[in-house]
Structures are given as structure tokens and as C-alpha cells.
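Please open the structure in a viewer and keep the sequence at hand. The tour below proceeds by selection, one stop after another.

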Amino acid sequence: MAFGLMFMDYNLLSPPTFVGLNNFRRLAIDPLFTRTLGNTLRFFVFITPIHCILALILAYVVSQVRNSRLRSLYRGIIFFPTVVTTASVAIVWTFMFATDTGFVNFFIRSLGGSNVPWMTHSTMIYVTIALFSAWKFIGTTFLFYFVGLQNIPSSYHEAAMIDGAGRLQTFFRITLPLLTPTVFFVFVTNMIGVFQIFEEPFFIAGGNTHAMSFALHIYQNAFNNIRFGYASLLAIIMFLIIMVVTAVQFWGQRKWVNYDYE
């Protein structure tokens with residue numbers, strides 16, 4: 001339907017009318033197209049490394065805990081934020097990071113610092129959203145890594161210990177290479193999720209165009225401006241970008257992902 005609607009003018013109130021390449025012409029003069037696409041790439045740069053690296057560190061540390069009850073407690077604490085409603089948490093987050101009244105800046109002022117424009121500065125807004133995304137969604141990535149670590153045969157680590165390998169050597173030469181299928185899965189799913197990021201900029205950034213994502217631009221054209229034809233064209237562009245980037249990742253994973261434990 002989207003492939004058909006991108007050649008139509010459709011406002012939900014009247015039947016779609018064929019307009020040819022008019023939506024493509026609108027795309028060429030839309031200043032928010034390149035801006036929101038660039039913003040989404042910035043979200044990718046800020047958020048993806050935090051999710052992929054920090055979640056791996058947390059999963060590895062928790063997997064080393066010997067006490068099973070304590071390990072389950074840590075796992076539950078890290079995963080818990082993912083089950084909380086994103087909208088409600090995002091609203092609380094805006095109060096926490098408010099420039100003048102938020103308690104984060106109150107704590108900074110109490111230490112002798114000055115207010116940080118967490119949600120108004122063109123760069124700090126990405127930091128704020130990245131921190132929120134890490135707290136809210138890193139539990140899912142953590143769980144993938146944790147399960148992947150549990151599936152690595154212990155015989156490899158035992159052999160490394162017999163050969164005198166230290167903990168860091170074992171991690172980088174044994175654990176991480178055997179975890180590459182999970183790393184690849186986590187990276188691809190996080191990449192797709194970041195390209196579709198919507199809730200964080202919608203609730204936290206509001207109307208700030210410095211942090212408007214591509215998905216939010218699609219939403220505004222479809223449901224605020226009632227331009228479903230143009231929104232469909234933008235959605236197809238997002239689909240093609242994600243498809244191409246994912247295909248490149250699947251092509252490149254043959255050079256670094258290890259699927260053979262034997």
C-alpha cells in the first residue's frame with residue numbers, strides 16, 4: 001500500500017488521487033528530509049555504541065557472579081526498565097533533566113557547577129536521549145549477550161586456564177570470538193531500532209528540530225499534516241535504507257562472525 005500511496009495525494013477524508021511524481025518533487029525541497037536523516041545518523045552514533053558495548057560489559061560481569069540468586073537479582077534489575085512504559089518514563093525524564101528545575105542540574109549546582117542545557121542544546125539533547133535509551137532499553141541487549149555467554153561451552157575457558165591465559169586474554173581470544181554471532185545479531189537489531197527511533201525524540205525533544213528523527217518526520221507528515229502520500233514515500237526511503245545497510249552487514253559478517261565452535 002505504501003508503494004502505491006507514494007504516487008498519491010491522500011488525506012483520509014477523500015479517495016486517493018494520483019499525482020505522479022509530485023511527492024518526489026516535495027521531497028527535493030523538504031528541508032527536514034536531510035535534517036532528520038542526519039539526526040537519525042547522529043542517534044546511531046550516540047546510542048548504538050552504548051547499547052552494544054555497555055550491555056556486553058554488564059552481561060559479562062553478571063555472568064561471572066557465582067551465586068545464582070545474586071546473579072538472577074542483577075539480571076532482573078538490569079532488565080526491569082524494559083518493561084516500564086516508555087511514555088511515562090520519558091515524561092519523568094524531562095522533569096529530571098529540566099534546565100532550571102530538574103534535580104540533575106540541582107545536584108550539579110550543589111557541587112559548584114552550572115546548569116547544563118540537557119534538552120535545549122543541539123548536542124546535549126543527543127546525550128540526554130542516549131542516556132535515556134541506555135537506561136530504558138539496554139536490558140534487552142544485555143539479555144541477548146547474557147544468553148550468548150551462557151551458551152559458550154565451558155571447556156574452552158577451562159582449556160585456556162590450563163594454558164595459563166589470564167581473564168583478559170580469555171575474554172578477547174576465546175569469549176569474544178565465540179560470541180560474535182550474538183554481537184552481530186545485537187548490532188543489526190540495534191541499528192534497525194535506532195533508524196526507527198521515535199518515542200525518545202517525540203517525548204523528550206518535543207518539537208526541537210535539532211533532534212527530530214526520520215521516523216518522527218514520517219509521523220508528523222502522516223498524522224499532523226495529513227499527507228499520507230508523502231509520508232509513504234518517506235517510509236519507503238527508510239525501508240530501503242535499512243534494507244541496504246542490513247544487507248551490507250550480512251555480507252560483511254562472513255569475514256568476522258564465527259558460527260563454528262568446533
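In which helix does T86 lie? Select T86 to begin: the residue lies in helix α5, which covers residues 86-96. The model is a predicted one. T86 has a relative accessible area of 9% and is therefore buried, since buried means under 20%. Display its surroundings next. Leaving aside residues up to four places away in sequence, T86 touches F132, K136, F137 and E199.

**The whole chain**

Now zoom out and show the chain as a cartoon. There are 13 helices and two strands in the chain. Along its principal axes, the C-alpha trace spans about 70 × 55 × 25 Å. The chain has 262 residues, and buried residues make up 40% of them. Among the contacts in the chain with a separation of 6 or more, 67% are between residues 24 or more positions apart.

Switch to a surface display. The accessible surface of the chain comes to about 14500 Å², and carbon and sulfur atoms account for 68% of that area. Colouring by charge brings out 15 positive and 9 negative side chains. The centres of these two sets lie 4 Å apart.

**Helix α3: C52 and L54**

Select residues 31-63, which form helix α3. Two residues of this helix deserve a stop.

Is C52 buried or exposed? Its relative accessibility is 12%, so C52 counts as buried. Show the residues around C52, omitting those up to four places away in sequence: C52 touches Y145, V186, F187 and N190. To follow one of these pairs, draw a distance between the C-alpha atoms of C52 and F187. The two residues are 135 residues apart in sequence, and the distance in space is 6.6 Å.

Proceed to L54, also placed in helix α3. L54 has a relative accessible area of 37%; it is partly exposed because this value lies between the limits of 20% and 50%. Beyond the residues up to four places away in sequence, L54 touches P49 and I138. A second C-alpha distance may be drawn here, from L54 to T141: these residues are 87 residues apart in sequence and 9.3 Å apart in space.

**Helix α7: F142**

Select F142 next, which is found in helix α7. How much relative accessible area does F142 have? The value is 0%, so F142 is buried. With residues up to four places away in sequence left out, F142 touches A55, L58, A59, V62, R75 and I78. For a longer line across the model, join the C-alpha atoms of F142 and M238. These residues are 96 residues apart along the chain, and their C-alpha atoms are separated by 27 Å.

**The largest pocket**

Return to the surface display and look for the largest pocket, which has a volume of about 510 Å³. Seventeen is the number of residues to select for its lining; of these 17 residues, Y60, S63, Q64, R66 and H157 are the closest to the centre of the pocket. Which elements give two or more residues to this lining? They are α3, α7 (124-150), α8 (154-162) and α9 (167-178). Helix α8 contributes the largest share, namely four residues.

**Helix α12 and the loop after it**

Select residues 214-224, the span of helix α12. Its buried residues are F214, A215, L216, H217, I218, N221 and A222. What covers these buried residues? The cover includes α3, α11 (199-205) and α13 (228-252).

Move on to I226, which follows α12 and is placed in the loop between α12 and α13. Its phi is near 55°, a positive value in a residue other than glycine. With a relative accessible area of 31%, I226 is partly exposed.

**Last stop: L12**

Finally, select L12. This residue is placed in the loop between β1 (8-9) and β2 (17-18). L12 is not a glycine, yet its phi is positive, at about 75°.

How values were computed
Residues numbered from 1 in each chain as written. Predicted model: local features only at pLDDT ≥ 70, side-chain atom pairs only at ≥ 80, totals over all residues. Heavy atoms only, no water. Buried < 20%, exposed > 50% of the residue type's maximum accessible area, 1.4 Å probe, protein only. Contact = heavy atoms within 4.5 Å. Areas by Shrake-Rupley, 256 points an atom, 1.4 Å probe, with all protein chains shown as cover. Lys, Arg positive; Asp, Glu negative; His and termini not counted. Charge placed at Lys NZ, Arg CZ, Asp CG, Glu CD. 1 Å grid on protein atoms, 1.4 Å probe; cavity = no way out; pocket = protein on both sides within 12 Å on 5 of 7 lines; lining within 4 Å. Points joined across faces, edges and corners; volume = space filled by probe spheres on them.
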